[in-house]
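Subject: A structure for you to look at

Hi,

Here is the structure I promised to pass on. Have a look at it first, and then read on for my notes.

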Amino acid sequence: MFGHDPRRAIVHPSAVCDPAARAATGAMVGSETRIGSGTRLAPYAVVDARSTVGSDAIIGPHAVVHRDVTIGDGVQLGSHVVVHPHTTIGAGTVVGDHAVLGKPVRLREGSAAAGRAVEGLRIGEGSTVGASAVVNAGATIGDRSIVGDQAFVRERATIGSGTVVGRGSTVDCDVTVGDRVSIQTDVYVTARSVVEDDVFLGPGAHTTNDDRMGRAPLGPDGAPDPSAIELAGATIRRGARIGGRTVLVPGVEIGEDAFVAAGAVVTRDVPPARRVMGVPARDAGEVPVQERLAGRE
Ligand SMILES: CC(C)(COP(=O)(O)OP(=O)(O)OC[C@H]1O[C@@H](n2cnc3c(N)ncnc32)[C@H](O)[C@@H]1OP(=O)(O)O)[C@@H](O)C(=O)NCCC(=O)NCCS
């Protein structure tokens, strides 16, 4: 698959390809691009202008690496992966088929999700991005983290190291997720939430941030003013555990080491190390000391 045939790969004369790099039939390398030793471009892989690919990387069939991208040593991009401009991918990261990295943001006019301008996506070392995952421009993902298949991470979201974002889960814009967080399948972490280190979010857990549900208050001119919508995400403190199919209403804080039982609807802040359950969630005692992270170090 990776046989070197310079007549069939199209390499711009200003590109610098290590002699030990290989580009298969139909592969294209743009101007001022650098390809390191041992790196292989599969058939019809494209690496556009001013991008850098380190050593021993694999750019899969039909993958498209746009301009001004930096790809570290040993990175593997699956088939049909698209990497948008200004993305940086750390050494050893593996990206599944059809993933889209650094996707540019387009919002409806007046969207409440508009924030400061986004920069390039940064993914740390040794991380994994699953098949068909989409990670927007302006997100940051740490080292050794996993973004599962079909997961979605939005602009200005920051995800720490050793964290898992489960299959089909969404981490919305302006969310901070710490280290060693476990976000299971089909979780929704809404915009402007904070998820501290070692938090556990069970399958289908949903946070919310808008008590007006998109109904903008009227401005002085009598017209709806979307910019006046105040979004308040959840704050989930270190080591808290949130059960499957829970709902956190806008702005609640879940205290350190707290435990929210499956199916609960949390309408009030939960103090540290308390256990709540039910709809609406009510206090159901304390979290046993041996289950708490606080004080373990
Ligand atoms: C809370 C939980 C741990 C059960 O706790 P427990 O102390 O063993 O509860 P018990 O089964 O002894 O039930 C005690 C009472 O609480 C009720 N109860 C138990 N779980 C409940 C829940 N999730 N919501 C509401 N009430 C619940 C029981 O019906 C029982 O009520 P009763 O005394 O009127 O009969 C369990 O329900 C739970 O939520 N586990 C989390 C699972 C999860 O989401 N994991 C995520 C990864 S898969």
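The chain has 39 strands and zero helices. Please keep in mind that this is a predicted model. Its C-alpha trace spans about 70 × 60 × 25 Å along the principal axes. Of the 297 residues, 47% count as buried. For contacts between residues at least 6 apart in sequence, 22% join residues at least 24 apart.

Now to the sheets. An open sheet is formed by 12 strands with parallel pairing, and its order is β2-β5-β8-β11-β14-β17-β20-β23-β26-β29-β32-β35. The edges are taken by β2 (16-17) and β35 (253-254); each has a single partner strand, so one side of each is left without a neighbour in the sheet. The partner of β35 here is β32 (residues 235-236), which runs parallel to β35 and is joined to it by two bridges. If you want a residue pair to click on, Ile236 has Ile254 in β35 as its bridge partner.

Another set of parallel pairings involves β16 (residues 100-103). Strand β13 (residues 82-83) pairs with β16 over two bridges, and Val83 has Leu101 as its bridge partner there. β16 is also joined to β19 (residues 134-136), again in parallel, by three bridges. In that pairing, Val100 is matched with Val134.

Further along the chain, β38 (residues 274-277) has two pairings worth a look. Strand β36 (residues 259-260) runs parallel to β38, with two bridges between them; Phe259 is the bridge partner of Arg275. With β39 (residues 282-286), on the other hand, β38 pairs in the antiparallel sense over three bridges. There, Arg274 is matched with Glu286.

The hairpin of β38 and β39 has four residues between the strands, and Gly278 takes a positive phi near 100 degrees in it. The loop between these two strands also holds Pro280. The peptide bond that joins Val279 and Pro280 is cis, with an omega of about -5 degrees.

Gly278 turns up again around the ligand. The residues there are Gly202, Pro203, Gly243, Gly244, Ala261, Ala262, Gly263, Met277 and Gly278. By class, this shell comprises four nonpolar and five polar residues, with no charged ones.

Two aspartates also caught my eye, as both have a positive phi without being glycine. Asp56, with a phi of about 55 degrees, sits in the loop between β8 (52-53) and β9 (58-59). Asp257 has a phi of about 65 degrees and is found in the loop between β35 and β36.

Is each of these buried or partly exposed? Asp56 has 19 C-beta neighbours inside 10 Å, so this residue counts as partly exposed. Asp257 has 23 C-beta neighbours inside 10 Å and therefore counts as buried. The cut-off for buried is 20 or more.

When you go through the model, the ligand shell with Met277 and Gly278 might be a good place to start, followed by the cis bond between Val279 and Pro280.

Best wishes

Technical notes. Residues numbered from 1 in each chain as written. Predicted model: local features only at pLDDT ≥ 70, side-chain atom pairs only at ≥ 80, totals over all residues. Near = placed C-beta within 6 Å. Nonpolar A, V, L, I, M, F, W, Y, C, P; charged D, E, K, R; others polar. Pairing = 2+ DSSP bridges. Buried ≥ 20, exposed ≤ 12 C-beta atoms within 10 Å, placed from the backbone. Contact = placed C-beta atoms within 7 Å.
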